[in-house]
Amino acid sequence: MKLRKLSAATAILATGALVLSGCTPDGGNGDAEAEDTSNGENGETSGNTDAFSAEGQQYTTEPEDTGKADTSDLETMEDEISVSMGEIEFVGYNGSTPESYSVYNSTVVNRIFEGFGYWGTDNVWYANEDFGSYEVISEDPFTVEYTIGEDVSWSDGTPVTVADYVLDWAYQNASLTNSDDEPLFNGISQTYGERVLEGPQGDPDGKTFTIEYSEPFADWEIMVNSTLPAHVVAEQSDLELEELVTAVREADTEALEPVAEFWNDGWLTDPGTLPDEELIPVTGPYTLDNWQAGESLTITANEEYWGNAPGTERIVFRFVNDGQHVQALENGDLNVARPQATVDTRGQLERLEDQIVLHEGEAATWEHLDFNFNDGPFSESLELREAFAMCVPRQQIVSNLIEPVNPEASVLNARESLTFEENYEDIVAESYDGTYDEVDVEGAAEILEAEDAVGTEVRIGYAGPNPRRTDTVAEIKASCDEAGFEIVDSGSEDFFGPGGAQETGDYEVALFAWAGSGQVVSGQNIYSTDRPQNYGGYSNETVDDLFNQLATTEDADEQQEIIIGIEQELWGDLFGIPLYVHPQLSGSDISISNVRDTASQDQIVWNAEQWQRAE
Amino acid sequence: MYSYVLKRLLSAIAVLFGASLLVFVLVINSGDPLQELRESNAENVEFLIQQRISFMNLDEPWYSRYWIWLTGIAGCAVGACEFGTNMSGQDVGAMVANSASSTLRLVFIATILSIIIGILTGIVTAIRQYSSLDYAVSFFVFLFFSLPVFWAAVLAKDWMGITYNNWLREPQFSWTQIIVVGVVAAILVPLIIGGSARRRLLTGAVMFGFVLVVMPLMDSLNYAREPRLGPAVITLLGIGLAFGLTALLSGLNNRRVLYSALTVVGVGLVSYYATFWLLIEPPGGWLTVIGLFLVTIAVAVLIGRTMGGHAKGQAVAVSVITASLFAVMVLLDHFMRAWPGFLGLKPRPIATIGSSSPNFSGDFWEVALDQGTQLVLPTTILMLVSVATYTRYTRSSMLEAVNQDYIRTARAKGVNERTVVFKHAFRNSMIPLTTIVAFDFAGLIGGAVVVEQVFGWSGMGNMFVTGLSSSDPAPVMAFTLITGAAAVLFNLIADLMYAVLDPRIRV
């Protein structure tokens with residue numbers, strides 16, 4: 001939080017400095033006008049379906065949908081592209097331990113491992129047909145068959161086989177425990193082991209395996225994706241690959257102990273040192289090459305890659321504070337960057353429009369107001385919640401705080417689907433009737449009068465300091481105080497911390513954001529009774545049932561129907577009020593083709609293997 | 001003496017212990033290491049939180065967490081330091097090893113440069129007290145001192161980085177630029193040199209003419225892209241130095257000193273040719289360069305001693321300074337020789353981020369140039385602030401010394417002005433300055449926190465900020481310990497230096 005504050009201050013001052021230095025404002029504005037007229041024409045003729053395409057971006061192949069375009073005609077160019085996602089350092093090759101797992105680490109490791117699918121620009125899962133295929137072969141028991149592509153192999157020449165996926169299951173299986181009854185593998189997820197009791201079935205040397213779920217599972221598609229090299233793990237723990245697979249299948253925890261030991265720590269190195277080359281084979285288009293601690297990590301085209309050649313020989317991830325991105329882009333130190341999404345940054349990037357393409361988009365992170373159902377005035381009274389929802393100026397908040405950064409922004413009217421998602425319109429149309437589109441101060445005042453609740457104190461808590469949230473609360477206060485509420489800004493640094501207001505319940509409304517994961521059932525933790533992320537203590541049996549139903553439904557249409565039901569309940573009960581999807585800004589050098597922004601967590605580097613500088 | 005040092009070291013350990021305890025408690029209470037997880041929507045978030053609690057020992061009370069850290073550090077006593085691990089499980093000791101070198105490089109160069117520049121300006125402004133030069137320097141020095149570092153950095157990136165790089169593509173001075181530089185030189189140089197109004201006017205005119213000739217000449221030689229000195233220029237400058245330094249430090253009528261300095265220049269010219277091919281690709285890199293430099297100093301001392309006669313001391317001083325500056329010029333010549341090739345590898349030399357270009361490969365000079373160009377902006381910024389301190393302190397302590405009785409006595413007995421300033425006033429004014437240097441070095445490590453942040457360096461400052469923002473104690477503690485140790489150590493050195501500079505002090 002401190003960091004963000006500091007860099008925000010830097011950014012604000014940065015604009016001040018640029019204004020002071022007075023770099024040819026006239027020339028810039030003139031160009032902008034000229035560009036604007038041509039933009040209008042483009043807008044009418046191109047009709048691109050992808051909400052994330054940016055003006056001025058070149059493509060070697062125009063994307064047809066929100067997935068990756070077909071760039072099989074690309075040839076690797078001897079060149080280097082620098083990109084920065086922020087200053088968080090790369091941690092390690094194995095990004096599946098809690099120590100190493102982070103969005104930042106994933107942006108790198110997802111470039112070196114390929115799997116059965118990936119997230120498209122609208123955070124929708126796409127199957128990666130080059131890598132392999134999967135299909136449901138039985139509904140009861142729910143069974144999925146995976147086939148790995150014939151020529152898919154590790155960069156050391158070893159083919160990717162079922163054995164690798166047996167290991168994949170092992171490290172997500174908490175039932176493999178040591179003598180202290182703790183899980184052997186220090187993995188970030190245990191869902192796989194809980195849902196699939198027997199693990200992947202099939203010849204360890206073969207390319208086809210099946211997994212059988214104990215009950216149907218909504219997020220089955222993303223359960224199996226990329227994996228780590230089982231042959232390396234086996235060799236490092238002095239086992240034959242066969243023995244490793246047998247040990248996993250027989251739950252021979254004693255034999256697995258050295259395996260887990262290597263998996264947990266063997267790939268963890270000091271910053272700046274990569275593990276030995278033979279320990280870190282990859283399945284993706286790039287291999288880890290050169291790591292300068294704290295400064296940069298270079299990934300180089302994988303010479304043994306089985307798939308389409310990547311566009312550029314080297315991608316350099318540089319760990320740079322996002323307040324410095326714009327000048328670094330201008331100076332060519334960075335070619336693709338993701339600066340802070342602020343009005344100032346937008347202005348700076350716009351001024352560089354003959355040099356930099358501005359990618360404006362939306363992150364899968366969304367802001368919302370949640371009521372406290374544990375105690376306080378809103379916990380018992382639906383009427384008061386309605387009155388509050390009526391006076392919250394949602395459109396005004398979006399217009400004043402979000403549109404300057406993302407002119408396309410709109411008010412968010414759902415929780416389980418975000419504005420850029422395909423099914424958003426359908427879900428909203430059937431679950432929300434537009435009651436809270438317009439501010440109705442008088443209506444809210446009437447309810448307050450009727451309920452004898454004029455002057456009700458509403459403490460809006462959030463994790464501060466956060467200027468945007470402070471402004472949001474100020475907008476709400478201006479409107480709701482008029483209706484008879486008494487809004488109090490309770491933002492504090494430890495709102496979510498131990499002993500903070502959220503924990504002690506000293507708030508009526510919480511203002512924060514969820515980072516969407518793309519999973520179908522992740523909302524269950526938030527809205528079902530007594531779930532860990534149900535901070536407000538909300539409870540609704542219908543919602544509980546619907547989520548249980550959703551979790552075991554694998555058909556997309558049925559899922560959508562259930563989600564509509566959930567949204568209807570949540571709107572009817574007013575669990576909370578969704579506000580907007582967070583905007584994000586990225587910039588890329590105008591000479592680089594195929595750069596696309598995305599809402600998924602990998603952000604703008606998600607298709608880095610398709611980037612290429614025009615000659 | 002030894003018991004004094006020992007006492008100081010023991011008290012230093014006590015200070016560090018107290019500071020570490022305080023900082024540790026502050027850091028672990030400064031925020032919530034689980035913050036990002038609390039707002040995460042991942043399905044397994046509860047599990048992730050549990051895992052982070054256990055590997056960061058968050059369920060332990062503060063004293064037990066401090067004790068875990070302290071027992072690791074206590075290993076330093078037996079040579080096995082354990083700095084602990086950060087929240088990503090990385091060894092902080094290894095992180096320190098990585099980051100210390102870039103931070104120390106930055107801070108060291110900035111300190112040296114600001115001492116040289118600060119003291120020189122300080123002396124000049126003290127000698128020309130209440131002149132317009134004094135006022136102008138004071139104005140700029142205070143301006144620089146009060147600049148917020150991150151803001152100055154943004155300006156520097158824009159002007160010295162982006163604009164310079166753009167200009168360097170087709171370097172050409174416009175007539176406006178030439179005339180502005182000429183006017184500034186015509187005003188500034190006479191102010192420093194001083195003299196009668198007539199002499200100042202003349203100096204100004206000469207400077208203006210000089211700039212008017214030299215800048216277009218540089219343009220026509222494409223000097224910005226293909227700079228060179230060459231043996232002739234180096235020798236001419238060397239002879240100039242020999243005369244200048246002799247005049248400054250002992251007076252031109254001291255022929256022995258002048259001849260030894262000129263001999264140094266002659267030997268330097270011979271060694272320029274002798275080492276030319278060795279230095280094209282020096283085996284052993286910087287070790288060879290530093291080795292040669294030490295040989296140069298040794299030769300200079302030898303020449304000074306053999307030729308100095310009765311003025312041995314002054315001859316050695318002048319010879320050594322001449323030889324050092326001559327060596328620097330030779331070094332510069334080699335850098336200039338590598339510059340066009342370097343521009344081919346790195347067309348925009350001044351980068352706004354990083355302490356070196358990733359994947360940069362070139363010969364010794366090109367790699368050094370790469371690191372050097374990456375240093376330009378952060379060093380300048382870091383320097384701006386501390387130059388101000390040095391200038392002001394030198395000025396005031398010079399003025400104080402100049403007003404002492406012994407200066408009046410020296411003048412009264414007819415000692416010339418040069419000797420009064422350098423021998424009597426300057427040496428005495430240096431005593432309080434040693435304290436400032438000691439404080440400043442530790443202070444600059446702290447100042448590097450912001451500079452590293454703004455320039456994307458991975459030094460210790462960055463480690464500190466990253467650690468603090470996620471309430472991760474180990475990296476913050478490592479930073480505290482090293483900065484604290486540096487502060488204590490440099491204060492000790494300053495105290496010992498007093499004894500050297502001021503014979504009245506006994507330790």
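Reader: What makes about one helical turn the right description of the separation between A:K477 and A:D481?

Author: They sit four residues apart in helix α16 (residues 467–483) of chain A, and that is why the gap is about one turn. A helix here is a DSSP run of H or I with at least four residues, a strand is a run of E with at least two, and both are numbered from the N terminus. Before we go on: this is a predicted model, where local features need pLDDT of at least 70 and side-chain atom pairs count only at pLDDT 80 or more, while totals for chains, interfaces and linings use all residues. Residues are numbered from 1 along each chain as its sequence is written, chains are lettered from A and ligands numbered from 1 in the order written, and side-chain values use heavy atoms, leaving out hydrogens and water.

Reader: How do you know that A:K477 forms a salt bridge with A:D481?

Author: The rule asks for a side-chain nitrogen of Lys or Arg within 4 Å of a carboxyl oxygen of Asp or Glu. For A:K477 and A:D481 the closest N and O atoms are 2.8 Å apart, so the pair qualifies under that rule. Over all chains, the count comes to 20 salt bridges.

Reader: And why is A:K477 called partly exposed?

Author: Buried means under 20% relative accessible area, exposed means over 50%, and partly exposed is in between (1.4 Å probe, protein chains only). A:K477 has 35%, so it counts as partly exposed. A:D481, with 28%, is therefore partly exposed as well.

Reader: Which parts does the salt bridge of A:R111 and A:D602 tie together?

Author: The closest N and O atoms of that pair are 3.1 Å apart. A:R111 lies in helix α3 (residues 103–112) and A:D602 in the loop between β16 (592–593) and β17 (612–613) of chain A, so the bridge joins parts 491 residues apart in sequence.

Reader: Are those two buried or exposed, starting with A:R111?

Author: A:R111 has a relative accessible area of 4%, so it is buried. A:D602 comes to 13%, and therefore is buried too.

Reader: What about B:D405, is it buried or exposed?

Author: B:D405 is at 51%, so it counts as exposed. Its salt-bridge partner B:R408 (2.9 Å, N to O) is at 58% and therefore exposed. The two are three residues apart in helix α15 (residues 405–412) of chain B, which means about one helical turn lies between them.

Reader: What is A:Q172 in contact with, leaving aside its neighbours within four places in sequence?

Author: With contact meaning heavy atoms within 4.5 Å, the list is A:S189, A:Q190, A:T191, A:Y192 and A:G193. A:Q172 is found in the loop between α4 (162–170) and α5 (191–195) of chain A. At 14% relative accessibility, A:Q172 is called buried because that value falls on the buried side of the cut-off.

Reader: Which residues form the nonpolar patch in chain B?

Author: They are B:F108, B:I109, B:I112, B:L113, B:I116, B:I117 and B:L120, with about 590 Å² of accessible area together (Shrake-Rupley method, 1.4 Å probe; for residues, only the protein chains shown count as cover). Patch members have over 30% relative accessible area and no salt bridge; nonpolar side chains (Val, Leu, Ile, Met, Phe, Trp, Tyr) are joined within 5 Å and like charges within 9 Å. B:F108 is found in helix α5 (residues 92–127) of chain B.
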